[in-house]
Amino acid sequence: MAAKRLASGTGAFAVDAERASGFRYSNRAYLIQIRRRGAGTVLLDPTNVPDALGPIVEVLGADEWILHAADQDLPCLAELEMRPPSLYDTELAGRLAGFEKVNLAAMVHRLLGLGLAKGHGAADWSKRPLPDDWLNYAALDVEVLVELREKIAEVLAEQDKTEWARQEFEYLAHTPASATRRDNWRRTSGIHKVRKPGQLAAVRELWLSRDELARARDVAPGRTLPDSAIVEAAMADPKTRNELIALPVFGGPRQKQQADRWLAALAKARNADAPPPVNEPTTGPPPVSRWSRRKPEAYARLEAARTALSALSEQISVPVENIVTPEIVRRLCWDWEGNGDVEELLAGHGARPWQRALTVPILTEALTG
């Protein structure tokens with residue numbers, strides 16, 4: 001019925017998804033909102049009918065999708081085989097237009113003069129049944145996306161940035177997400193306090209054990225065991241149950257039940273043949289703070305590139321990171337050996353034609369000047 005209703009409408013689909021970040025381990029969609037002119041708004045619960053979404057998937061392939069912050073929703077929609085034939089990202093369009101605030105509420109107020117209700121964006125959308133006020137809130141996220149897309153498209157046209165946006169949206173729709181970081185455990189909050197390899201091994205083993213438990217329970221890792229508790233245990237290195245439960249957090253009822261798990265992780269860390277290095281191995285340039293000592297000529301190139309790109313950013317009212325990513329600039333400046341085609345190097349890193357047209361002269365001057 002929902003598929004027939006959407007098929008009866010015309011034009012692009014406004015699409016949004018609600019997840020349960022901070023509550024669940026998975027990044028799956030727990031609610032999908034779709035709106036199309038002539039069809040109204042449809043709210044779908046993909047957790048109850050995962051095998052019945054085929055007709056919806058087929059209909060959604062008929063026209064453009066309009067999303068706000070598409071990179072957040074595309075992965076969980078792709079898990080349900082929902083992929084846009086083309087898309088328009090109103091948040092990214094706002095960045096290209098030079099808007100200081102690009103959240104949905106701010107852009108809707110600026111371009112449409114409307115206010116959006118707030119309050120449930122960070123809610124646990126895995127809850128069932130979902131309260132009516134949550135559903136109303138979710139529906140509002142797609143109610144105005146079609147009109148917002150039309151207004152921001154007019155702004156970009158006035159600024160001669162329509163083609164820039166088209167290239168960005170095409171890249172976003174058809175480029176796979178980058179690989180995840182290999183050593184995710186190094187993102188543990190407070191890990192900067194840990195300096196010894198043995199303690200780092202304890203952080204790693206506790207993190208991995210927590211991740212295994214969180215995945216099995218489909219609970220957010222931080223709700224399974226806070227990062228602060230991992231760091232505390234790694235530094236204290238308790239060897240008995242009493243020593244462990246004497247630490248903050250570990251004395252709670254739920255953590256007492258898992259005491260053997262955490263003690264086993266700590267014991268595994270102590271017996272590790274090769275503790276992890278204090279500094280994570282990298283394949284790219286070192287931190288910029290070390291450049292002036294290790295490779296001063298690269299540091300000079302980077303400073304020149306940053307200065308020129310900042311001036312360009314002000315001139316065209318586009319954030320520097322949307323003109324060319326800082327990672328690409330760092331790699332070019334560090335690896336430059338006095339030869340090579342700058343445009344070819346940028347293309348190899350995924351820079352779009354509009355970005356290359358603007359930055360090749362600037363980066364060539366910075367690299368060779």
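What is the volume of the second largest pocket? In this predicted model, the second largest pocket has a volume of about 580 Å³. The points below describe that pocket, a sheet of five strands, the cysteines Cys76 and Cys333, and the residue Leu140.

**The second largest pocket**

- A total of 26 residues line the second largest pocket.
- Nearest to the centre of this pocket lie Glu18, Gln72, Gly121, Tyr137 and Asp141.
- Four elements each give two or more residues to the lining: strand S1 (10-18), helix H3 (70-78), helix H5 (104-112) and helix H6 (132-143).
- Of the elements, S1 gives the most to this lining, with four residues.
- Sorted by class, the lining holds 13 nonpolar residues, seven charged residues and six polar residues.

**The five-stranded sheet**

- Five strands form an open sheet in the order S3-S2-S1-S4-S5, and their pairing is mixed.
- At the edges of this sheet are strand S3 (40-44) and strand S5 (87-89), each of which pairs on one side only.
- On average, neighbouring strands of the sheet are turned by 25° against each other, with direction ignored.
- Strand S4 (residues 65-67) and strand S5 run parallel and are joined by three bridges.
- Within strand S5, Tyr88 is the bridge partner of Ile66.
- Strand S1 thus belongs to two parts of this briefing: S1 has a place in the order of the sheet, and S1 also gives four residues to the lining of the second largest pocket.

**Cysteines**

- A disulfide is a covalent bond between the sulfur atoms of two cysteines.
- Under the distance rule applied here, the count of disulfides is zero.
- Cys76 has a relative accessibility of 1% and therefore counts as buried, because buried means under 20% relative accessible area.
- Cys333 is also buried, because its relative accessible area is 1%.

**Leu140**

- Leu140 is found in helix H6, and helix H6 is one of the elements that give two or more residues to the lining of the second largest pocket.
- Is Leu140 buried, partly exposed or exposed? Leu140 is partly exposed, because its relative accessible area is 33%, and partly exposed covers values between the limits of 20% and 50%.
- Leu140 and Thr41 are 99 residues apart along the chain, and their C-alpha atoms are separated by 9.4 Å.

Definitions and conventions:
Residues numbered from 1 in each chain as written. Predicted model: local features only at pLDDT ≥ 70, side-chain atom pairs only at ≥ 80, totals over all residues. Heavy atoms only, no water. Pairing = 2+ DSSP bridges. Axes fitted to C-alpha atoms, helices over the stretch in contact; angles between N-to-C directions. 1 Å grid on protein atoms, 1.4 Å probe; cavity = no way out; pocket = protein on both sides within 12 Å on 5 of 7 lines; lining within 4 Å. Points joined across faces, edges and corners; volume = space filled by probe spheres on them. Nonpolar A, V, L, I, M, F, W, Y, C, P; charged D, E, K, R; others polar. Disulfide = S-S within 2.5 Å. Buried < 20%, exposed > 50% of the residue type's maximum accessible area, 1.4 Å probe, protein only.
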